[in-house]
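Subject: Structure handover

Hi there,

Here is the structure I promised to pass on to you. Please have a look at it first, and then read on for my notes.

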Amino acid sequence: PRVLLTGANGFIGSHILNQLLEKSVFVQAVVRSKEKASKIAKDFPHAGKSKLGFSIVPDITAPKAFENCIKESLPLSAIIHTASPVSSATIPSEYIEPAIQGTLQILEAAHNYAPSLKRFVYTSSIQSVVNPLDLNGIGTHYSSNSWNPVTMDQAMSGPLALTYSASKTFAEKAAWEFMKIRKPQFELVVLNPPGVFGPHRNHIESTASLNASNKWLYRNLMLSERSTAVPPDTVPLTVDVRDLALAHYQAAFAPGVGNRRYLVAEGSHLNQEICDYLRTVLGSEWEGRIPLGSPGNYTPAPDAFKTDLSDAQEILGRAYRSFEETFTDTGRYIADLHQKS
Ligand code: NDP
């Protein structure tokens with residue numbers, strides 16, 4: 001089978017690429033420049049041309065942006081679309097345009113030029129599910145039927161964190177709307193992960209190049225001060241990037257999972273629990289930096305965020321990695337990178 005993967009050089013994208021290559025799937029990796037393609041080739045030296053091809057799409061919002069890249073990748077069984085701005089945007093339109101237009105351009109090209117396509121997998125986010133302005137409000141019991149109610153006016157007036165969550169919401173809505181109106185022959189599968197953690201599969205030189213979620217953990221839960229308060233919990237759910245990569249493979253190939261969205265999370269963990277755990281894993285060297293808070297107090301507020309994760313289990317097809325495995329590997333990986341930086 002052949003899969004086209006956008007954002008193949010990113011944190012999540014490179015783990016998906018790894019997963020697909022391990023499963024002997026041919027991957028056409030889509031990136032924005034030749035330099036980024038060469039970097040992937042270095043990160044996957046054993047893939048070779050028979051397993052891994054590259055397409056360069058410098059601007060995913062341009063009309064017909066994906067036409068050639070889809071034509072040169074045929075016959076495709078699945079497309080996995082992960083490319084979207086996560087932390088690079090400085091003004092609202094830099095989030096909104098690539099998220100929505102990028103998704104619509106690739107869906108349109110898939111519909112027009114990939115007759116054998118069975119699945120289109122979109123990496124959405126928990127941000128399309130929850131209401132970021134009222135996370136702990138009355139009745140916030142989230143499931144894969146929930147939608148972030150953000151409006152375009154709110155998105156355009158910021159703050160940028162809200163604009164990011166809006167970009168994911170609008171892009172996912174646009175994808176479902178496309179399916180309804182255009183009725184393509186393929187199925188859409190949407191994954192809505194929360195905070196994604198784990199070691200990078202793409203080689204990075206320093207902590208400055210960590211992706212946004214790992215960088216948040218590094219700065220706030222590792223590189224802080226013992227006396228600093230543990231940061232408040234917003235969406236207290238986590239998933240290991242390696243499990244998320246497997247979930248993408250399942251979304252592309254597993255029978256019976258099409259035309260649905262899935263919350264993909266191992267479980268609920270407060271920042272206090274992550275800090276306590278990192279302290280035991282990383283030892284005395286990090287003792288003075290990891291916020292102490294109230295060790296062992298993992299009692300959420302009575303009105304706290306609640307989620308139904310039943311479909312999270314369904315898409316993965318096996319148990320998620322444990323909290324301990326994820327945060328041992330994440331903590332050690334980031335601590336090593338910190339020493340080298
Ligand atoms: P990375 O920043 O590591 O990867 C982002 C990828 O998207 C890169 O390949 C990047 O390419 C590409 N990209 C960014 N902006 C643009 C643009 N304007 N045009 C074309 N390509 C672009 O982030 P992650 O791996 O963490 O995120 C990947 C996906 O997962 C995103 O869709 C994100 O919204 C989603 N997600 C991530 C979560 C997390 O906790 N990390 C949680 C939930 C969802 P380039 O290198 O060229 O910039």
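Below is what I found in it, going from the confidence scores through the two sheets and a helix pair to the ligand and a few backbone details.

Please keep in mind that this is a predicted model. The scores are an ipTM of 0.99 and a pTM of 0.98. Along the chain, pLDDT averages 95, and 99% of the residues reach 70 or more. As a general reminder, predicted coordinates should not be read in detail where pLDDT is low.

Let me start with the sheet of 7 strands. It is open, its pairing is parallel, and the strands follow the order E3-E2-E1-E4-E5-E7-E10. Strand E3 (52–56) and strand E10 (260–263) are at the edges with a single partner strand each, so one side of each has no neighbour in the sheet. From one strand to the next, the twist averages 20°. If you would like to look at one pairing within this sheet, try strand E1 (residues 2–6) and strand E4 (residues 78–81), which run parallel and are joined by 4 bridges. There you will see Val-3 standing opposite Ala-78 in E4. Helix H2 (residues 34–43) packs on this sheet, where it touches strand E2 (26–31) and E3. The direction of H2 makes about 145° with that of E2.

There is also an open sheet of 3 strands, in the order E8-E9-E11, and here the pairing is mixed. E8 and strand E11 (267–268) are its edge strands, each pairing on one side only. E8 pairs with strand E9 (residues 237–240) in the parallel sense, over 3 bridges. In that pairing, Gly-195 is opposite Thr-238 in E9. Helix H8 (residues 241–253) packs on the sheet and touches both E8 and E9. Between the directions of H8 and E9 the angle is about 75°.

Next, a helix pair. The axes of helix H9 (residues 271–282) and helix H12 (residues 323–340) come within 10 Å and cross at roughly 65°, and the crossing is right-handed. From H9, the contact involves Ile-274, Tyr-277, Leu-278, Val-281 and Leu-282. H12 answers with Phe-327, Thr-328, Gly-331, Arg-332 and Ala-335. By type, the residues of this contact are 7 nonpolar, 2 polar and 1 charged.

Now to the ligand. Which residues come nearest to it? Of the 25 residues around the ligand, those are Gly-7, Gly-10, Ile-12, Ser-84 and Ser-213. The shell is made up of 10 nonpolar, 12 polar and 3 charged residues. Helix H1 (11–22), strand E8 (195–197) and helix H7 (212–222) each give at least two residues to the shell. The largest share, 3 residues, is from H1. E8 therefore turns up in two places in these notes: as a supplier of shell residues, and as an edge strand of the sheet with mixed pairing.

Finally, some backbone details for you to check by eye. Leu-74 and Pro-75 are joined by a cis peptide bond, with omega about -5°. Pro-75 sits in the loop between helix H3 (67–71) and E4. A cis peptide bond also joins Gly-158 and Pro-159, where omega is about 0°. You will find Pro-159 in the loop between helix H5 (152–157) and helix H6 (160–182). Lys-64 has phi near 60°, a positive value in a residue other than glycine. Lys-64 belongs to the loop between E3 and H3.

Happy browsing, and do write back with any questions.

Best wishes

Methods:
Residues are numbered from 1 along each chain as its sequence is written. This is a predicted model: local features need pLDDT of at least 70, side-chain atom pairs count only at pLDDT 80 or more; totals for chains, interfaces and linings use all residues. A residue is near a molecule or strand if its C-beta atom, placed from the backbone, lies within 6 Å of it. Ala, Val, Leu, Ile, Met, Phe, Trp, Tyr, Cys and Pro count as nonpolar, Asp, Glu, Lys and Arg as charged, and the others, Gly among them, as polar. Two strands pair if DSSP finds at least two bridges between them. Two residues are in contact if their C-beta atoms, placed from the backbone, lie within 7 Å. Axes are lines fitted to C-alpha atoms, for helices over the stretch in contact, and angles run from 0 to 180 degrees between N-to-C directions. pLDDT is the predictor's confidence in each residue, from 0 to 100. A crossing is left-handed if the near helix is turned anticlockwise from the far one by less than a right angle, and right-handed if clockwise.
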